[in-house]
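Here's a quick Q and A for anyone who likes to see the working behind the labels. Have a look at the model first.

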Number of protein chains: 2
Amino acid sequence: MTVTDPDTALPSVADVRAAAGRIRGLVHRTPVLRCAAIDRFAGAEVHLKAEHLQRAGAFKARGAANAVQSLDAATAARGVAAHSSGNHAAALALAAAGRGIPCRIVMPADAPRVKVAATRGYGAEVVFCEPTLAARESTLADLLARTGAVEIHPYDDVRVIAGAGTAACELLDDVDGLDAIVVPVGGGGLLSGTAVAASAPGTAVAVWAAEPAGADDALRSYAAGHLIPQRDPRTIADGLLTSLAPRTFRALSELAAGVIPVAEDGIVGAMGLLWERAKQVVEPSGAVPDAALGDGRFAGQRVGVVLSGGNVDLAVALDLLR
Amino acid sequence: MTVTDPDTALPSVADVRAAAGRIRGLVHRTPVLRCAAIDRFAGAEVHLKAEHLQRAGAFKARGAANAVQSLDAATAARGVAAHSSGNHAAALALAAAGRGIPCRIVMPADAPRVKVAATRGYGAEVVFCEPTLAARESTLADLLARTGAVEIHPYDDVRVIAGAGTAACELLDDVDGLDAIVVPVGGGGLLSGTAVAASAPGTAVAVWAAEPAGADDALRSYAAGHLIPQRDPRTIADGLLTSLAPRTFRALSELAAGVIPVAEDGIVGAMGLLWERAKQVVEPSGAVPDAALGDGRFAGQRVGVVLSGGNVDLAVALDLLR
């Protein structure tokens with residue numbers, strides 16, 4: 001990989017393809033599901049790439065597996081670490097377990113119970129800290145200094161982005177003639193990988209980012225033409241609270257078709273449709289790209305949607321859906 | 001089809017194959033899903049035939065479609081009818097709509113809200129009655145006399161059984177080397193169709209029936225060697241309350257490997273596993289065959305499970321799963 005500016009380097013299409021080969025057998029090739037009620041909701045032919053059925057319940061398993069498998073033996077032996085309140089935590093734990101190396105995750109004390117349990121279930125050590133970004137970063141820095149572990153960032157990492165892009169590769173292989181792919185955007189790793197995958201020669205698919213209106217740094221950054229960090233996000237989509245990085249902002253501004261903001265009631269409505277009609281358990285963040293179809297903007301088109309993740313406390317979700 | 005005793009006639013393997021051709025395009029070819037947590041739960045390699053993703057949310061769409069498509073034009077024009085509190089209602093409504101003929105369904109006043117709404121959503125007329133079998137039968141008899149409609153029984157019907165068997169045909173096509181298939185048993189239509197499909201030459205798959213211990217007419221009938229009707233069933237699996245018919249008892253006793261009773265807490269536990277880990281919304285009845293894997297009786301085997309249906313009030317499910 002030729003890297004000029006390491007802060008904004010993106011993987012190439014070839015890197016995404018190499019990632020697909022590297023992680024084969026370590027992650028699932030997830031199915032693509034259809035649902036008539038969602039087609040009617042969107043006025044479109046909607047193909048749901050079921051990444052909530054991915055190992056560890058989210059597309060994050062792809063990037064983590066690619067990053068961990070890319071490490072040289074000496075580095076890998078020191079173990080990996082990250083701070084994450086969400087799906088990257090369990091994904092990295094799973095990837096480390098797959099290579100037999102230690103994994104340490106810094107999590108805020110208020111992280112969802114189900115995500116803490118999953119992370120520990122894959123054998124990672126969980127280190128709790130105060131629920132602030134400063135506390136997470138300082139706790140992780142201490143941990144890296146103490147253990148010599150290598151940080152695998154949840155999205156600001158070329159290897160993670162290349163891995164995330166493999167979901168779109170499979171979707172493009174499985175569904176001919178897609179007009180658009182809609183993905184959720186938080187930090188922008190999935191968006192970046194998808195946009196790179198869709199930039200392959202001979203592919204003419206518009207990649208859209210969907211985000212909660214209450215955490216709309218991607219929309220504001222895209223409109224302004226420069227990165228505007230997220231402050232005080234307010235949304236039930238707890239997987240999409242983070243800000244873009246310079247790297248993922250570059251992918252958004254250079255490769256994506258645009259950003260679609262969705263309101264909170266739209267997220268809950270889409271989640272209800274996914275549970276009741278598509279029979280799929282997705283977390284609020286995973287319902288965001290479906291919510292983005294609700295205003296009919298893709299009417300008559302063939303649209304791929306990446307559904308992810310599926311990690312949610314049932315009681316919490318059902319209180320939302322009541 | 002050669003029919004000797006019409007009350008216990010079963011479809012042949014060729015009838016099931018003909019049904020598959022007749023309903024192609026009218027029902028979904030559902031995916032087969034895997035889930036590592038369910039494999040661990042069973043100690044087996046479990047392949048979930050996702051009939052809760054079938055049209056109208058249950059395998060019932062297959063039998064209803066085959067029966068409705070088998071009618072001659074003059075009979076079809078008079079419309080179809082049934083009494084059903086469950087998934088057959090919506091399935092028959094959908095099948096009738098697909099042929100453009102009237103459908104009338106007798107439902108008990110306490111039928112699940114979601115199933116009433118689905119039935120009406122496909123354009124059927126719903127006629128409510130007291131929640132007793134006698135009231136359902138007399139209301140349906142009146143309706144048949146008044147309208148000239150033809151009754152399509154939910155399971156005691158060769159065409160319905162042949163249609164139900166097409167799910168197993170697909171599962172056998174998609175998964176090599178299955179040792180067993182486990183299906184839920186209520187009236188026995190799915191069990192009968194599955195057992196016929198698995199009796200094809202060259203197929204060596206044991207077909208097991210799973211039923212709630214609180215509605216265990218199949219177990220008692222199988223053990224006794226004659227049909228023992230269900231009295232006073234007590235189970236949350238509201239789709240499995242009905243008794244076998246002579247026809248489906250014959251399939252059970254001649255073609256099935258046996259009956260596995262499951263306790264209520266086992267049903268809730270399996271349902272929780274399906275929701276939380278497999279990310280699939282299934283109703284209690286649909287979780288019954290998974291619950292049957294929990295005692296390790298299929299350890300080391302490759303097992304197919306028919307998951308169906310997915311029609312459940314989310315609020316009701318929450319109360320169960322809390």
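**One helix, then two domains**

On the outward side of H7(B), B:Ala134, B:Ala145 and B:Arg146 are exposed. This is a predicted model, where local features need pLDDT of at least 70, side-chain atom pairs count only at pLDDT 80 or more, and totals for chains, interfaces and linings use all residues. Residues are numbered from 1 along each chain as its sequence is written, while chains are lettered from A and ligands numbered from 1 in the order in which they are written.

Q: What makes B:Ala134, B:Ala145 and B:Arg146 exposed?
A: It's a neighbour count: a residue is exposed if 12 or fewer other C-beta atoms (placed from the backbone) lie within 10 Å of its own, buried at 20 or more, and partly exposed in between. Those three residues land in the exposed class, whereas B:Arg136, B:Leu140 and B:Leu143 are the buried residues of H7(B).

Q: How do you know that the buried residues of H7(B) line one face?
A: Look down the helix axis: they fall within an arc of 60°, so one face it is. The arc is taken over the directions from the axis to the C-beta atoms. In general, an α-helix has 3.6 residues a turn, so residues three or four places apart point the same way.

Q: What covers the buried residues of H7(B)?
A: The cover includes strands E3 (80-83), E4 (103-108), E5 (125-129) and E6 (150-151) of chain B. Helices (H or I, at least four residues) and strands (E, at least two) are DSSP runs, numbered from the N terminus.

Q: How do you know whether the length of H7(B) agrees with the rule or not?
A: The expected span is 1.5 Å times one less than the number of residues. For the 15 residues 133-147 of chain B that gives 21 Å, and the end C-alpha atoms are 21 Å apart, so the two agree.

Q: How does the radius of gyration of chain A sit against that of a compact globule, and why?
A: The rule is 2.2 Å times the number of residues to the power 0.38, with the radius taken over C-alpha atoms. With 322 residues that comes out near 20 Å; chain A has 18 Å, which agrees.

Q: Where is chain A divided, and what touches across the divide?
A: An automatic or database domain assignment supplies the bounds: domain 1 is 13-57 + 158-321 and domain 2 is 61-151 of chain A. Contact means C-beta atoms, placed from the backbone, within 7 Å; 24 residues of domain 1 of chain A meet 20 of domain 2 that way. H8(A) gives the most to the domain 1 side, with eight residues.

Conventions. Two residues are in contact if their C-beta atoms, placed from the backbone, lie within 7 Å.
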